[in-house]
Amino acid sequence: MAVVRDIVELKLKKRLIEEELKRTDVKLDRLGNIMQKKTLSKPYLNEPAENKLTAVGRYVSEFRLPARSCKAVPIDNHYDPYATDASPILDQNILRIRQQNALNRYAKPVIRQKLKAKALAAIEKPPKKVPQIKIPESMLPNRYVRGELPCTIEHGNSGNYLSWACPLENLDYEYYLPLFFDGLQCKDRIISFIARQGIEDMLYASRGHPERIVAVIPHLVRPLRNALGKFDVEILLGVLKALEQLITCNEGIGAVLLPFGRQFLVPIAYFIDHNKNIGDAIDYGQRKRDDVGEEARRVLELMEEHGGPDALKYIKFSIPLYESCMRSKVVRH
């Protein structure tokens, strides 16, 4: 039934189109007859231009100038359409224009870029030389591959986290905490995540029990020195965050840690002035805390606040340019 209905509709459309074409033909014939009558009523329109009279009483042909005879000049340059080699351009003006266009297109941008790089190099400070220190490899990757760690990585909806095989209170802090600190020098994503998250979980579980951390601090100095001795920004950010968590996990930890500061604070002085310079723009990534200079100063200020009365003396021994953040006491008489 649908096919029959479509055929009927097509036939109706065809009939309408034919009727419209007939009406158009009739209109065209009528217009042609009208134009023919107008032309016949004005015979002067059909005369040639030469026989027409002008307003001054003379024919148009009288005003025309006779055609001048000119001699054909033979063409000297013969163009061969089948030639494969292009003829060289010898015109000095064209060659000069081509050379100037080539300079404007290729040479000037390169010269401008080199001048800009030279100006920036004159403004920027030359990079500091980083000492090359031979550092032993971390044991954390080997322990992770052999399955000796009491934790595994779990993939959750809000990100990855560590799943521990036993309560954190039952762990041997003197063995596992230095092992996780030793993994801070690794740049592998998996090992770096295990080291940083393991430190954070263990320090968080030790809150209210400073005796777990105080006994381990002498064993943390060497892993900290090895990680900072890499002089790598990515590793340094992880170490600074771990130091901040270590100092603030319990009261009195900073005072115990600071006497060992002369063994690992010197590399921090290298990065203390490495701040982001973005001019008057807004840094929307402050929550990431990836500004090395700012994080280094934050950790030094925390050490001074929690390091006891001699904290500034220990920090000044390793970083002489450090300025105290504590408000000086005013003695009133």
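The legends below describe an overview and several close-up views of a predicted model.

**Figure 1. Overview of the predicted protein model, with twelve helices and two strands.** Starting at the N terminus, the order of elements is α-α-α-β-β-α-α-α-α-α-α-α-α-α. The protein has 333 residues, and 27% of them are buried. Its accessible surface is about 25500 Å², with 56% of that area belonging to carbon and sulfur atoms. Among contacts with a separation of 6 or more, 65% are between residues 24 or more positions apart.

**Figure 2. Nonpolar surface patch formed by V4, V8 and L12.** The patch covers about 260 Å². One of its members, L12, belongs to helix α1, which spans residues 2–41. The relative accessible area of L12 is 46%, a value between the limits of 20% for buried and 50% for exposed, so the residue is classed as partly exposed.

**Figure 3. Aromatic pair of W164 and F180, from a search of the whole structure that finds five aromatic pairs.** The two ring centres are 6.0 Å apart and the planes meet at 80°, an edge-to-face arrangement. W164 is part of strand β2 (residues 159–164), while F180 is part of helix α4 (residues 173–182), so the pair ties together parts 16 residues apart in sequence. Both W164 and F180 are buried.

**Figure 4. Aromatic pair of Y175 and Y176.** A pair of aromatic rings is described by the distance of the centres and the angle of the planes. For Y175 and Y176 the centres lie 4.9 Å apart and the planes are at 85°, so this pair is edge-to-face. Y175 is partly exposed, with a relative accessible area of 38%. Y176, by contrast, is buried, at a relative accessible area of 16%.

**Figure 5. Aromatic cluster of F231, Y270 and F271, with the backbone of F231.** The three residues form one cluster. F231 is located in the loop between α7 (217–228) and α8 (233–248). Most residues other than glycine have a negative phi. F231 has a positive phi, near 55°. The relative accessibility of F231 is 16%, under the 20% limit, so F231 counts as buried.

**Figure 6. Loop residue R289, which has a positive phi.** The phi value of R289 is near 55°, positive in a residue other than glycine. R289 sits in the loop that joins α10 (266–271) to α11 (292–306). With a relative accessible area of 33%, R289 is partly exposed.

**Figure 7. Charged end of R262 over the ring of F317.** The distance from the charged end of R262 to the centre of the F317 ring is 4.4 Å. The partners in this view are an arginine side chain and a phenylalanine ring.

**Figure 8. Charged end of K313 over the ring of Y314.** Here the charged end of K313 lies 5.5 Å from the centre of the Y314 ring. The partners in this view are a lysine side chain and a tyrosine ring.

Terms used:
Residues are numbered from 1 along each chain as its sequence is written. This is a predicted model: local features need pLDDT of at least 70, side-chain atom pairs count only at pLDDT 80 or more; totals for chains, interfaces and linings use all residues. Side-chain values use heavy atoms; hydrogens and water are left out. Patches are made of residues with over 30% relative accessible area and no salt bridge: like charges are joined within 9 Å, nonpolar side chains (Val, Leu, Ile, Met, Phe, Trp, Tyr) within 5 Å. Accessible areas come from the Shrake-Rupley method with a 1.4 Å probe; for residues, only the protein chains shown count as cover. A salt bridge is a side-chain nitrogen of Lys or Arg within 4 Å of a carboxyl oxygen of Asp or Glu. Helices (H or I, at least four residues) and strands (E, at least two) are DSSP runs, numbered from the N terminus. Buried means under 20% relative accessible area, exposed over 50%, partly exposed in between (1.4 Å probe, protein chains only). Rings of Phe, Tyr and Trp (its six-membered ring) pair if their centres lie within 6.5 Å; planes under 30 degrees apart count as stacked, over 60 as edge-to-face and the rest as tilted. A charge sits over a ring if NZ of Lys or CZ of Arg is within 6 Å of the ring centre and within 35 degrees of the ring normal. Contact means heavy atoms within 4.5 Å.
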